[in-house]
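Me: I should like a close look at a single part of this predicted model. Please begin from one pairing and then set that part in its surroundings.

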Amino acid sequence: MKRIFAGLTAALFITGFPLHANADLVGEWLFENGVNDTSGNEIRTQAYGGVSEIVRDGEKAQYFNGTTGYLALDKKLEGSLDGLGLSVWFNTSYMNPNGANYTNWAFLDFDRSEYFNLSIDNVGQIWFGMTTRNNSTTLDIFSDETFNDGKWHQLVLSYGKTNGLKVHVDRDLIIDDVYRGSIGRPGVVRYGFIGDGSEANSFNGNRNQRYFEGGLDNVVLLDNELTDTNVYNFFSNGYSAVSDVSMPETSLGLLSLGLLVGFRRKKIAILA
């Protein structure tokens with residue numbers, strides 16, 4: 001099922017499990033029609049540098065070359081976010097243990113020191129960074145597990161007042177943290193990017209120029225948290241094993257199916 005969110009919404013309402021009452025679809029990049037946003041919100045999206053189309057289990061995806069490729073999103077954040085939901089398929093084999101943790105940045109970024117970013121770090125740990133509104137503190141939260149194994153993985157993230165921060169990869173809960181307040185530094189505007197980090201107060205403005213190396217697909221952004229049942233159904237309606245396919249200079253294996261079980265430890269760094 002390619003249109004994960006639409007299929008999920010229908011399934012959840014039919015079975016009596018609606019999405020969070022305040023969660024709306026903000027952006028959806030399925031890559032079946034180039035890099036266009038397919039959410040209906042008409043977010044102008046432009047590819048720059050080394051971004052190319054690849055195939056993931058019969059579906060179109062995008063490969064980012066790690067040196068020049070990124071997508072600029074004509075979507076800005078301003079004010080505060082009480083919560084958010086994110087989902088993405090990703091694949092990378094990038095490894096740089098002697099480099100900075102931001103050298104493979106990012107799945108989706110609206111500037112972690114002003115709003116948030118979702119990424120994978122230099123050794124393959126999932127990384128969610130955010131700045132809280134109440135005291136403008138930047139928090140970086142990492143998984144213990146690594147996922148830079150050259151295989152496709154599905155990630156679903158939910159952050160909000162009810163359930164705090166929960167990040168699942170391949171149905172396993174890899175990050176579990178408390179709610180730390182609304183997201184967003186007061187008085188700041190930031191535009192988004194896929195495949196690079198944002199410092200932009202206008203469309204395709206200043207970037208970190210760090211660049212993600214690997215494949216991305218089905219990038220979905222919502223404006224509030226998901227329930228645990230929503231997360232489970234997100235995987236159930238949009239999750240399947242992927243046979244071996246090829247990416248530039250990358251060999252992919254089979255995805256191992258997991259279960260929605262277990263709490264995993266987390267690492268948290270707090271920056272003033």
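Which residue in β15 does leucine 86 stand opposite?

Reply: Leucine 86 stands opposite leucine 221 in β15. The account below starts from that strand and follows its partners outward; the model is a predicted one.

Strand β15 comprises residues 213–222. Three pairings of this strand may be described in turn. With β6, β15 pairs in the antiparallel sense over 6 bridges, and the leucine 86–leucine 221 position belongs to β15 and its facing residue. With strand β1 (residues 25–29), β15 is again antiparallel, here over 4 bridges; glutamate 28 stands opposite valine 220 of β15. With β4, β15 also runs antiparallel, joined by 4 bridges, and glutamine 62 has leucine 216 in β15 as its bridge partner. As to burial, β15 is mostly covered, since 9 of its 10 residues are buried.

The path continues through β4, which spans residues 59–65. Of its 7 residues, 5 are buried, so β4 is largely enclosed by the rest of the structure. Besides its pairing with β15, β4 pairs with strand β3 (residues 51–56) in the antiparallel sense, over 6 bridges. In this pairing isoleucine 54 stands opposite alanine 61 of β4. Strands β3 and β4 form a hairpin with 2 residues between them. In the turn, aspartate 57 has a positive phi of about 50°. As a general point, side chains in a regular strand alternate between the two faces of the sheet.

The partner strand β6 leads to the nonpolar interior. The largest nonpolar core has 43 residues, and those that touch the most other members are Phe107, Phe116, Ile126, Leu155 and Leu157. Strand β6 (residues 84–91) gives the most to this core, with 4 residues. Apart from this core lies another, of 8 residues, with Leu25, Val156, Val220 and Phe234 among them. Val220 is thus named in that other core and is also the residue that glutamate 28 stands opposite in β15.

Phenylalanine 107 merits separate attention. Leaving aside neighbours within four places in sequence, its contacts include Val88, Phe90, Leu118, Ser119, Ile120, Ile126, Leu155 and Phe193, together with Ile194, Gly195, Phe212 and Leu216. Leu216, one of these contacts, is also the bridge partner of glutamine 62.

The aromatic residues add a further level of detail. A search of the whole structure finds 13 aromatic pairs. One of them joins tyrosine 48 and tyrosine 70 in a stacked arrangement, 5.1 Å centre to centre with 15° between the planes. This pair links distant parts of the chain, with tyrosine 48 in strand β2 and tyrosine 70 in strand β5 (residues 70–78), 22 residues apart. Tyrosine 48 counts as partly exposed at 27% relative accessibility, whereas tyrosine 70 is buried, with a relative accessible area of 6%.

In another pair, the rings of phenylalanine 107 and phenylalanine 212 have their centres 5.5 Å apart and their planes at 80°, so the pair is edge-to-face. This pair likewise links distant parts of the chain: phenylalanine 107 lies in the loop between β6 and β7 (108–109), and phenylalanine 212 in the loop between β14 (189–194) and β15, 105 residues apart. Phenylalanine 107 has a relative accessible area of 1% and is therefore buried; phenylalanine 212, at 0% relative accessibility, counts as buried too. Both belong to one aromatic cluster formed by Phe64, Phe90, Phe107, Phe147 and Phe212.

Strand β2 (residues 45–48) also holds threonine 45. Threonine 45 is buried, with a relative accessible area of 8%. Its side chain makes a polar contact of 2.9 Å with the side chain of tryptophan 29, and a polar atom of the threonine 45 side chain lies 3.1 Å from the backbone oxygen of isoleucine 43. Not counting residues up to four places away in sequence, threonine 45 touches Trp29, Val35, Asp37, Leu71, Ala72 and Leu73.

Finally, the whole chain provides the setting. The secondary structure comes to 2 helices and 18 strands, and 57% of the 272 residues count as buried. Among contacts between residues at least 6 apart in sequence, 68% join residues at least 24 apart.

Technical notes:
Residues numbered from 1 in each chain as written. Predicted model: local features only at pLDDT ≥ 70, side-chain atom pairs only at ≥ 80, totals over all residues. Heavy atoms only, no water. Core = buried A, V, L, I, M, F, W, Y, C linked by side-chain atoms within 4.5 Å. Buried < 20%, exposed > 50% of the residue type's maximum accessible area, 1.4 Å probe, protein only. Contact = heavy atoms within 4.5 Å. Polar contact = N/O pair within 3.5 Å; in protein donor to acceptor, adjacent residues only side chain to side chain. Pairing = 2+ DSSP bridges. Phe/Tyr/Trp six-rings, centres within 6.5 Å; stacked < 30°, edge-to-face > 60°.
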